Amino acid sequence: MKWRIIDLETHDAFTNMAIDEAICESVSAGGLPTIRFYRWDPSAVSIGCFQSLKDEVDLVACKEAGVDVVRRRTGGGAVYHDFNGELTYSVIVSEKDMPLGITESYKEICGWIIEGLAKLGILAEFKPINDVVMTGSGQKISGNAQTRRGGVILQHGTILFEVDVRRMFSVLKVGADKISDKMIAAVEERVTSLSRVKPGVRFEEVYEAVLEAFTAGKEALRSGLTDAEKARAADLVEERYKKGEWNESR
Amino acid sequence: MSNGKAGKKVPGGKLVRVDIEYSGDLIDSVRITGDFFLYPEDVLEKIEFSLQGKKLDEVVSTVDSVLSGNGATLVGVTSEDIFSILKEAMV
(Lines give C-alpha, C1' and ligand atoms only; values in the text may rest on other atoms or scores of the structure.)
Protein backbone atom coordinates (compact mmCIF):
# COMPACT_ATOMS: atom_id res chain seq x y z
CA MET A 1 0.00 0.00 0.00
CA LYS A 2 1.32 3.42 -0.97
CA TRP A 3 1.27 6.24 1.60
CA ARG A 4 1.56 9.96 1.02
CA ILE A 5 3.98 11.63 3.42
CA ILE A 6 3.70 15.37 3.94
CA ASP A 7 6.91 16.67 5.49
CA LEU A 8 6.97 18.97 8.51
CA GLU A 9 4.99 22.15 7.93
CA THR A 10 3.98 25.04 10.16
CA HIS A 11 0.48 26.48 10.17
CA ASP A 12 -1.89 28.23 12.52
CA ALA A 13 -4.29 26.13 14.59
CA PHE A 14 -7.30 26.66 12.33
CA THR A 15 -5.39 25.64 9.22
CA ASN A 16 -3.86 22.60 10.89
CA MET A 17 -7.28 21.27 11.87
CA ALA A 18 -8.77 22.17 8.49
CA ILE A 19 -5.98 20.35 6.63
CA ASP A 20 -6.68 17.19 8.65
CA GLU A 21 -10.34 17.37 7.72
CA ALA A 22 -9.65 18.12 4.05
CA ILE A 23 -7.35 15.09 3.87
CA CYS A 24 -10.01 12.93 5.57
CA GLU A 25 -12.41 13.90 2.82
CA SER A 26 -9.95 13.06 0.07
CA VAL A 27 -9.02 9.72 1.67
CA SER A 28 -12.74 8.97 2.01
CA ALA A 29 -13.04 9.63 -1.73
CA GLY A 30 -10.24 7.15 -2.50
CA GLY A 31 -7.11 9.29 -2.04
CA LEU A 32 -3.84 7.90 -0.69
CA PRO A 33 -3.56 7.27 3.05
CA THR A 34 -1.57 10.16 4.42
CA ILE A 35 0.87 10.93 7.20
CA ARG A 36 1.66 14.56 7.93
CA PHE A 37 3.84 16.34 10.47
CA TYR A 38 3.32 19.87 11.65
CA ARG A 39 3.90 22.61 14.19
CA TRP A 40 1.68 25.42 15.42
CA ASP A 41 2.47 29.08 14.82
CA PRO A 42 1.18 30.97 16.71
CA SER A 43 1.21 28.58 19.64
CA ALA A 44 -2.33 27.41 20.32
CA VAL A 45 -4.72 25.58 22.58
CA SER A 46 -6.84 22.83 21.08
CA ILE A 47 -9.76 21.43 23.02
CA GLY A 48 -11.46 18.08 22.59
CA CYS A 49 -14.65 17.84 20.57
CA PHE A 50 -16.82 17.46 23.70
CA GLN A 51 -15.09 19.83 26.08
CA SER A 52 -16.58 23.03 27.37
CA LEU A 53 -14.55 25.94 25.97
CA LYS A 54 -15.17 28.20 28.95
CA ASP A 55 -14.44 25.43 31.46
CA GLU A 56 -11.12 24.52 29.87
CA VAL A 57 -9.57 27.66 28.42
CA ASP A 58 -8.64 31.05 29.84
CA LEU A 59 -9.67 32.98 26.76
CA VAL A 60 -8.44 36.33 28.11
CA ALA A 61 -5.00 34.91 28.85
CA CYS A 62 -4.88 33.31 25.39
CA LYS A 63 -5.75 36.60 23.72
CA GLU A 64 -3.13 38.48 25.71
CA ALA A 65 -0.49 35.87 24.91
CA GLY A 66 -1.45 35.68 21.22
CA VAL A 67 -2.40 32.02 21.61
CA ASP A 68 -5.06 30.75 19.20
CA VAL A 69 -7.86 28.51 20.42
CA VAL A 70 -9.54 25.84 18.33
CA ARG A 71 -11.94 22.96 18.94
CA ARG A 72 -10.82 19.67 17.43
CA ARG A 73 -13.05 17.14 15.69
CA THR A 74 -11.49 14.49 17.90
CA GLY A 75 -12.38 13.86 21.51
CA GLY A 76 -9.83 13.95 24.30
CA GLY A 77 -8.52 16.77 26.42
CA ALA A 78 -7.29 20.34 26.10
CA VAL A 79 -3.73 20.64 24.82
CA TYR A 80 -1.39 23.60 24.77
CA HIS A 81 0.59 23.35 21.52
CA ASP A 82 3.72 25.41 21.96
CA PHE A 83 5.56 26.16 18.72
CA ASN A 84 8.83 25.05 20.29
CA GLY A 85 7.30 22.44 22.54
CA GLU A 86 6.08 19.62 20.36
CA LEU A 87 6.04 17.70 17.14
CA THR A 88 2.51 16.96 15.94
CA TYR A 89 1.46 14.30 13.44
CA SER A 90 -1.71 13.14 11.76
CA VAL A 91 -2.37 9.75 10.23
CA ILE A 92 -5.35 9.57 7.90
CA VAL A 93 -6.21 6.13 6.55
CA SER A 94 -9.33 4.31 5.45
CA GLU A 95 -10.74 1.72 7.85
CA LYS A 96 -10.37 -0.91 5.15
CA ASP A 97 -6.62 -0.22 4.91
CA MET A 98 -6.28 -0.34 8.70
CA PRO A 99 -8.93 -2.84 9.75
CA LEU A 100 -8.36 -2.51 13.47
CA GLY A 101 -10.57 -1.72 16.44
CA ILE A 102 -10.15 1.50 18.34
CA THR A 103 -7.62 0.34 20.93
CA GLU A 104 -5.73 -1.75 18.37
CA SER A 105 -5.43 1.15 15.92
CA TYR A 106 -4.22 3.50 18.69
CA LYS A 107 -1.72 0.84 19.60
CA GLU A 108 -0.57 0.42 15.99
CA ILE A 109 0.02 4.13 15.34
CA CYS A 110 1.38 4.81 18.84
CA GLY A 111 3.74 1.92 18.09
CA TRP A 112 5.29 4.06 15.35
CA ILE A 113 5.91 6.81 17.91
CA ILE A 114 7.45 4.27 20.28
CA GLU A 115 9.72 3.06 17.44
CA GLY A 116 10.77 6.64 16.73
CA LEU A 117 11.60 7.24 20.39
CA ALA A 118 13.52 3.95 20.48
CA LYS A 119 15.73 5.26 17.65
CA LEU A 120 16.66 8.08 20.04
CA GLY A 121 17.39 5.55 22.77
CA ILE A 122 14.21 6.34 24.66
CA LEU A 123 12.09 3.49 25.99
CA ALA A 124 8.37 4.16 25.92
CA GLU A 125 5.16 2.15 25.74
CA PHE A 126 1.50 2.44 24.81
CA LYS A 127 -0.88 3.16 27.65
CA PRO A 128 -4.54 2.75 26.78
CA ILE A 129 -6.68 4.64 26.05
CA ASN A 130 -4.57 7.06 24.05
CA ASP A 131 -1.20 7.82 25.63
CA VAL A 132 2.44 6.94 25.14
CA VAL A 133 4.33 6.87 28.43
CA MET A 134 7.92 6.35 29.51
CA THR A 135 8.69 2.75 30.43
CA GLY A 136 9.47 2.69 34.13
CA SER A 137 8.35 6.13 35.27
CA GLY A 138 5.01 5.99 33.45
CA GLN A 139 5.31 9.68 32.60
CA LYS A 140 3.35 10.77 29.55
CA ILE A 141 5.43 11.80 26.54
CA SER A 142 2.77 11.70 23.82
CA GLY A 143 -0.99 12.28 23.73
CA ASN A 144 -3.16 11.11 20.86
CA ALA A 145 -6.74 11.41 19.67
CA GLN A 146 -8.74 9.61 17.05
CA THR A 147 -11.93 10.05 15.11
CA ARG A 148 -13.63 7.87 12.53
CA ARG A 149 -15.96 9.22 9.91
CA GLY A 150 -16.90 8.29 6.35
CA GLY A 151 -14.93 5.05 6.66
CA VAL A 152 -11.76 6.99 7.49
CA ILE A 153 -9.61 6.96 10.61
CA LEU A 154 -7.96 10.21 11.63
CA GLN A 155 -5.47 9.95 14.45
CA HIS A 156 -3.48 12.97 15.43
CA GLY A 157 -1.20 13.44 18.35
CA THR A 158 1.68 15.28 19.86
CA ILE A 159 5.15 14.18 20.85
CA LEU A 160 6.29 16.43 23.65
CA PHE A 161 9.64 18.07 22.99
CA GLU A 162 9.73 20.65 25.74
CA VAL A 163 7.00 21.36 28.30
CA ASP A 164 6.60 24.71 30.03
CA VAL A 165 3.98 23.83 32.61
CA ARG A 166 3.67 27.37 33.94
CA ARG A 167 2.91 28.66 30.46
CA MET A 168 0.50 25.79 29.83
CA PHE A 169 -1.33 26.56 33.09
CA SER A 170 -1.53 30.23 32.18
CA VAL A 171 -3.76 29.50 29.17
CA LEU A 172 -5.71 26.49 30.45
CA LYS A 173 -8.16 26.68 33.34
CA VAL A 174 -6.74 24.61 36.11
CA GLY A 175 -9.33 25.07 38.82
CA ALA A 176 -7.28 27.41 40.98
CA ASP A 177 -6.91 31.18 41.20
CA LYS A 178 -3.20 31.02 41.67
CA ILE A 179 -0.81 28.60 40.03
CA SER A 180 1.23 27.05 42.79
CA ASP A 181 4.66 25.42 42.56
CA LYS A 182 3.02 22.32 43.98
CA MET A 183 0.57 22.13 41.06
CA ILE A 184 3.41 22.51 38.60
CA ALA A 185 5.41 19.81 40.36
CA ALA A 186 2.38 17.51 40.23
CA VAL A 187 2.15 17.87 36.44
CA GLU A 188 5.89 17.46 36.01
CA GLU A 189 5.59 14.19 37.87
CA ARG A 190 3.01 12.92 35.39
CA VAL A 191 4.26 14.43 32.14
CA THR A 192 7.73 14.61 30.66
CA SER A 193 9.34 15.72 27.41
CA LEU A 194 12.18 14.70 25.14
CA SER A 195 14.30 17.62 26.36
CA ARG A 196 14.04 16.23 29.87
CA VAL A 197 14.64 12.58 29.13
CA LYS A 198 17.39 13.25 26.60
CA PRO A 199 18.94 16.63 27.41
CA GLY A 200 20.49 18.35 24.40
CA VAL A 201 18.41 16.44 21.85
CA ARG A 202 17.58 18.63 18.85
CA PHE A 203 14.10 19.00 17.39
CA GLU A 204 15.40 18.02 13.94
CA GLU A 205 16.84 14.78 15.33
CA VAL A 206 13.49 13.94 16.87
CA TYR A 207 11.69 14.66 13.63
CA GLU A 208 14.08 12.51 11.60
CA ALA A 209 13.70 9.59 14.02
CA VAL A 210 9.91 9.83 14.11
CA LEU A 211 9.64 10.27 10.33
CA GLU A 212 11.81 7.21 9.79
CA ALA A 213 9.69 5.14 12.18
CA PHE A 214 6.38 6.28 10.67
CA THR A 215 7.53 5.45 7.14
CA ALA A 216 9.41 2.20 7.88
CA GLY A 217 8.20 -0.64 5.68
CA LYS A 218 5.83 1.63 3.77
CA GLU A 219 5.91 2.59 0.14
CA ALA A 220 6.11 6.32 0.76
CA LEU A 221 5.37 9.09 -1.68
CA ARG A 222 6.78 12.39 -0.41
CA SER A 223 4.29 14.97 -1.54
CA GLY A 224 2.20 17.95 -0.48
CA LEU A 225 -1.48 18.75 -0.40
CA THR A 226 -3.30 18.84 -3.72
CA ASP A 227 -4.68 22.18 -4.89
CA ALA A 228 -8.17 20.86 -4.18
CA GLU A 229 -7.21 19.98 -0.61
CA LYS A 230 -5.62 23.38 -0.08
CA ALA A 231 -8.78 25.08 -1.31
CA ARG A 232 -11.00 22.84 0.81
CA ALA A 233 -8.84 23.49 3.89
CA ALA A 234 -9.07 27.24 3.30
CA ASP A 235 -12.86 26.92 3.14
CA LEU A 236 -12.98 24.81 6.31
CA VAL A 237 -10.93 27.43 8.18
CA GLU A 238 -13.63 29.98 7.46
CA GLU A 239 -16.67 27.67 7.62
CA ARG A 240 -15.76 25.85 10.78
CA TYR A 241 -12.50 26.26 12.62
CA LYS A 242 -12.46 30.05 12.99
CA LYS A 243 -16.15 30.19 13.81
CA GLY A 244 -17.61 30.81 17.25
CA GLU A 245 -20.45 28.51 16.27
CA TRP A 246 -17.96 25.62 16.23
CA ASN A 247 -15.44 26.67 18.86
CA GLU A 248 -18.04 27.79 21.40
CA SER A 249 -20.49 24.96 20.68
CA ARG A 250 -19.93 23.49 24.17
CA MET B 1 -37.27 23.57 37.35
CA SER B 2 -33.93 22.97 39.10
CA ASN B 3 -30.38 23.13 37.86
CA GLY B 4 -27.57 20.79 38.70
CA LYS B 5 -23.97 20.16 37.81
CA ALA B 6 -21.69 17.25 38.53
CA GLY B 7 -18.61 15.63 37.14
CA LYS B 8 -16.18 12.85 37.73
CA LYS B 9 -13.01 11.35 36.42
CA VAL B 10 -13.85 7.77 35.60
CA PRO B 11 -11.15 5.51 37.10
CA GLY B 12 -9.01 4.29 34.22
CA GLY B 13 -11.14 6.39 31.90
CA LYS B 14 -11.94 10.00 31.14
CA LEU B 15 -13.52 13.06 32.73
CA VAL B 16 -17.25 13.66 32.26
CA ARG B 17 -19.31 16.62 33.38
CA VAL B 18 -23.03 17.23 33.15
CA ASP B 19 -25.11 20.38 33.34
CA ILE B 20 -28.74 19.57 33.84
CA GLU B 21 -32.14 21.19 34.16
CA TYR B 22 -34.71 18.93 35.77
CA SER B 23 -38.17 18.85 37.33
CA GLY B 24 -38.57 16.29 40.07
CA ASP B 25 -37.14 13.11 38.64
CA LEU B 26 -37.59 14.19 35.00
CA ILE B 27 -34.71 15.48 32.91
CA ASP B 28 -35.63 18.67 31.06
CA SER B 29 -32.32 19.21 29.33
CA VAL B 30 -28.76 18.05 29.73
CA ARG B 31 -25.37 19.00 28.39
CA ILE B 32 -22.55 16.47 28.60
CA THR B 33 -18.93 17.62 28.33
CA GLY B 34 -15.54 16.09 28.96
CA ASP B 35 -12.41 14.59 27.50
CA PHE B 36 -13.92 11.22 26.57
CA PHE B 37 -14.18 9.86 23.02
CA LEU B 38 -17.30 9.04 21.03
CA TYR B 39 -17.40 7.83 17.43
CA PRO B 40 -19.15 9.30 15.53
CA GLU B 41 -18.96 12.54 17.49
CA ASP B 42 -22.33 13.98 16.47
CA VAL B 43 -24.08 11.20 18.38
CA LEU B 44 -23.51 13.14 21.62
CA GLU B 45 -26.16 15.66 20.57
CA LYS B 46 -28.53 12.78 19.87
CA ILE B 47 -27.87 11.36 23.32
CA GLU B 48 -28.53 14.73 24.95
CA PHE B 49 -31.72 15.15 22.94
CA SER B 50 -32.94 11.64 23.73
CA LEU B 51 -32.50 12.19 27.47
CA GLN B 52 -34.99 15.08 27.44
CA GLY B 53 -38.16 14.07 29.28
CA LYS B 54 -36.61 10.86 30.57
CA LYS B 55 -36.44 9.72 34.17
CA LEU B 56 -33.14 8.98 35.84
CA ASP B 57 -33.78 5.24 35.79
CA GLU B 58 -34.21 5.38 32.00
CA VAL B 59 -30.78 6.97 31.42
CA VAL B 60 -28.73 3.82 30.89
CA SER B 61 -31.20 2.22 28.47
CA THR B 62 -31.68 5.51 26.59
CA VAL B 63 -27.95 6.13 26.15
CA ASP B 64 -27.33 2.51 25.17
CA SER B 65 -30.11 2.52 22.60
CA VAL B 66 -28.88 5.76 20.98
CA LEU B 67 -25.36 4.30 20.84
CA SER B 68 -26.46 1.03 19.27
CA GLY B 69 -28.99 2.70 16.99
CA ASN B 70 -26.22 4.87 15.56
CA GLY B 71 -23.49 2.25 15.56
CA ALA B 72 -21.63 4.52 17.97
CA THR B 73 -18.83 3.70 20.41
CA LEU B 74 -18.25 5.56 23.65
CA VAL B 75 -14.68 5.35 24.97
CA GLY B 76 -13.46 6.32 28.44
CA VAL B 77 -16.93 6.55 29.96
CA THR B 78 -19.97 4.24 30.07
CA SER B 79 -23.72 4.80 30.13
CA GLU B 80 -23.60 3.77 33.81
CA ASP B 81 -21.08 6.57 34.48
CA ILE B 82 -23.41 9.07 32.80
CA PHE B 83 -26.24 7.76 34.97
CA SER B 84 -24.27 8.10 38.21
CA ILE B 85 -23.14 11.64 37.38
CA LEU B 86 -26.68 12.68 36.46
CA LYS B 87 -27.92 11.16 39.70
CA GLU B 88 -25.38 13.22 41.62
CA ALA B 89 -26.38 16.38 39.70
CA MET B 90 -30.10 15.82 40.41
CA VAL B 91 -29.79 15.66 44.19
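## A three-stranded sheet and helix 4 in chain A

In this predicted model, strand 3 (residues 44–47) and strand 4 of chain A run parallel and are joined by four bridges. Within this pair, A:Ala44 sits opposite A:Asp68 of strand 4. Helix 1 (residues 13–28) of chain A packs on the sheet and touches strand 3 and strand 4 of chain A. The helix direction makes about 25 degrees with that of strand 4 of chain A.

The sheet itself is open. Its three strands follow the order 4-3-5 in chain A, with mixed pairing. Strand 4 (68–71) and strand 5 (79–81) of chain A are the edge strands, and each pairs on one side only. Neighbouring strands of this sheet are turned by 25 degrees against each other on average, direction ignored.

Now helix 4. How far apart are the end C-alpha atoms of helix 4 of chain A? They are 26 Å apart. That agrees with expectation, because 18 residues at 1.5 Å a residue should span 26 Å.

The buried residues of helix 4 of chain A are A:Tyr106, A:Ile109, A:Cys110, A:Trp112, A:Ile113, A:Ile114, A:Gly116 and A:Leu117. An α-helix has 3.6 residues a turn, so residues three or four places apart point the same way. The elements that cover these buried residues include those in the table.

| Covering element (chain A) | Residues |
|---|---|
| Strand 6 | 86–94 |
| Strand 7 | 124–127 |
| Strand 8 | 131–134 |
| Strand 9 | 140–149 |
| Strand 10 | 152–160 |
| Helix 8 | 203–215 |

Just after helix 4 of chain A comes A:Gly121, with a positive phi of about 80 degrees.

Methods: Residues are numbered from 1 along each chain as its sequence is written. Chains are lettered from A and ligands numbered from 1 in the order in which they are written. This is a predicted model: local features need pLDDT of at least 70, side-chain atom pairs count only at pLDDT 80 or more; totals for chains, interfaces and linings use all residues. Two strands pair if DSSP finds at least two bridges between them. Helices (H or I, at least four residues) and strands (E, at least two) are DSSP runs, numbered from the N terminus. Axes are lines fitted to C-alpha atoms, for helices over the stretch in contact, and angles run from 0 to 180 degrees between N-to-C directions. Two residues are in contact if their C-beta atoms, placed from the backbone, lie within 7 Å. The expected span of a helix is 1.5 Å times one less than its number of residues. A residue is buried if 20 or more other C-beta atoms lie within 10 Å of its own, exposed if 12 or fewer, and partly exposed in between; C-beta atoms are placed from the backbone.
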